[in-house]
Structure formats: C-alpha cells, structure tokens
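Visitor: Could you take one part of this model and go through it closely, giving the cut-offs behind each term as you use it?

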Amino acid sequence: PTRFVEIDCNDVESVWQAIKRLSVRGAPAIGVAAAYGAVIGARSAGTADPAAVREALSQAAAHLATSRPTAVNLFWALDRMQAAGDAALAHREPLLESLLREAHAIAAEDRAMCRAIGRHGAELLADGDGVLTHCNAGGLATADYGTALAVIFTAHEQGKRLRVFADETRPLLQGARLTAWELVGRGVDATLICDNMAAQVMKEGRIQKVVVGADRIA
C-alpha cells in the first residue's frame with residue numbers, strides 16, 4: 001500500500017504470471033497487457049518467416065487466454081491481435097510492426113475512454129459531495145487514468161471539493177491497498193473504512209454518490 005513497483009515482463013510466461021497472480025488486474029489493464037504479451041510471443045519466432053511468427057502469435061494467445069478465464073477484455077484483446085495478424089499476412093504487411101501498432105492502439109483507446117468517462121462522470125458530482133467507493137477502478141486497473149475513479153479524479157481537477165470514503169473491499173483489499181493509495185496520491189480527501197461501515201456513513205448523511213468498479217451491474 002505504500003510503494004509503487006514496476007514489473008518488466010520480457011516473455012509470454014512472465015506476462016501470464018503477472019495476470020494470473022493479480023499483479024495486473026482490472027479489465028482494461030488485463031486487455032492491454034495481453035495485447036503486448038501477444039506481441040512478445042510473436043517476436044520470439046524472429047522475423048524471417050511470417051508463417052512462424054503467425055504461429056507463435058497463436059500459441060502466445062492460447063497460453064495467455066488461460067491466465068484469467070473470466071476476464072472478458074483478455075479474450076477481446078487476444079482476438080483483436082489474432083485478427084491483426086491475419087490482416088497483416090493477407091496484405092503482406094510487416095507482421096510484427098502491425099501487431100505492435102495494434103497493441104499501441106488498444107492502449108491508446110483505453111486511455112481515451114478513461115478520460116471520456118472522467119469528463120462525463122464528473123458532471124454527476126457536485127462541489128461538497130461525499131462519495132463512497134468500492135473495489136478499485138483507477139489508473140492501476142487501466143492503461144492510464146481509471147474508469148470509475150476517473151469520475152472523482154476529473155471532478156477534483158475541476159476544483160470540486162469531495163470527501164471520499166473508500167471501502168476496504170475484502171477479501172483482496174483492493175480499496176485499502178489501491179483505491180485509497182491512488183486517491184491520496186492525487187490529493188483527494190479520502191478516508192478508508194471497513195466494508196461494514198458503509199451503511200453507517202450513509203446513515204450519517206455523509207454519502208451523496210456511490211462509485212463502484214465492477215464488471216457488471218444488475
């Protein structure tokens with residue numbers, strides 16, 4: 001909770017391990033990591049034989065797909081990389097260059113979407129609002145800025161004074177270890193609470209909005 005550590009992944013297995021052990025977590029971040037992992041896998045076959053590079057891409061994608069079977073972005077990104085490989089071969093374009101360009105595009109699109117979520121979502125927060133968060137959907141879970149937390153980050157940058165209560169989010173404590181750290185790092189007034197205190201701070205009238213990082217809302 002007090003250190004930011006970057007991990008260099010230089011082969012497919014290290015990318016697989018990073019996703020599997022939750023060093024990479026959050027749907028957008030998983031998709032971006034998988035895209036670049038696919039490039040690393042394809043590159044392992046060298047550059048001389050396009051067919052060998054394409055086969056290495058397929059093998060890398062198949063292996064990376066087993067790292068997190070429930071991650072939709074993982075399969076979406078890998079399918080997109082496979083399609084980029086097929087298109088490059090069909091048009092006789094440099095395969096590795098095309099794959100790296102596609103991975104860069106996936107990362108750039110995520111950054112743009114995060115910023116857009118922040119711009120639109122910040123309109124829902126008023127100056128002085130109390131906001132409850134659960135789980136983590138900040139920059140650590142994406143390519144750049146965050147999805148759900150982007151709403152708070154943008155409102156804060158607009159000068160809105162917010163008081164954020166971050167649920168710890170058991171059992172992995174994403175709220176305590178990640179969300180609280182990100183909020184404090186950006187200068188947002190944040191208080192970490194245990195999960196079963198959420199009802200109490202609502203009862204006390206401290207919460208006007210709730211921001212949740214989740215794969216699906218029903």
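Guide: Helices (H or I, at least four residues) and strands (E, at least two) are DSSP runs numbered from the N terminus. The model is predicted, so local features need pLDDT of at least 70 and side-chain atom pairs pLDDT 80 or more, while totals for chains, interfaces and linings use all residues. Residues are numbered from 1 along each chain as its sequence is written, and side-chain values use heavy atoms, without hydrogens or water.

The part to look at is the sheet, an open one whose 4 strands follow the order β3-β2-β1-β4 with parallel pairing (two strands pair if DSSP finds at least two bridges between them). At its edges stand β3, residues 189-193, and β4, residues 209-212; each has a single partner strand, so one side of each is left without a neighbour in the sheet. From one strand to the next the twist averages 25°, with axes fitted to C-alpha atoms and angles running from 0 to 180 degrees between N-to-C directions.

Within this arrangement, β2, which covers residues 163-167, runs parallel to β3 and is joined to β3 by 5 bridges. One position can be followed across this pairing, since V164 has A190 in β3 as its bridge partner. Helix α6, made of residues 148-157, lies across β1 (130-134), β2 and β4, and its direction makes an angle of about 130° with β4 (contact means heavy atoms within 4.5 Å).

The loops that follow two of these strands deserve the same attention to backbone geometry. Between β1 and α6 the loop contains C135, a residue that is not a glycine and yet has a positive phi of about 65°. With a relative accessible area of 16%, C135 is buried (under 20%; exposed is over 50% and partly exposed in between, for a 1.4 Å probe and protein chains only).

The loop between β2 and α7 holds T169, where phi is again positive, at about 70°, although T169 is not a glycine. T169 counts as buried because its relative accessibility is 4%. P171 is found in the loop between β2 and α7 (174-185) as well, and the peptide bond leading from R170 to P171 is cis, with omega near 5°. In the loop between β2 and α7, then, a reader checking torsions would find both the positive phi of T169 and the cis bond from R170 to P171.
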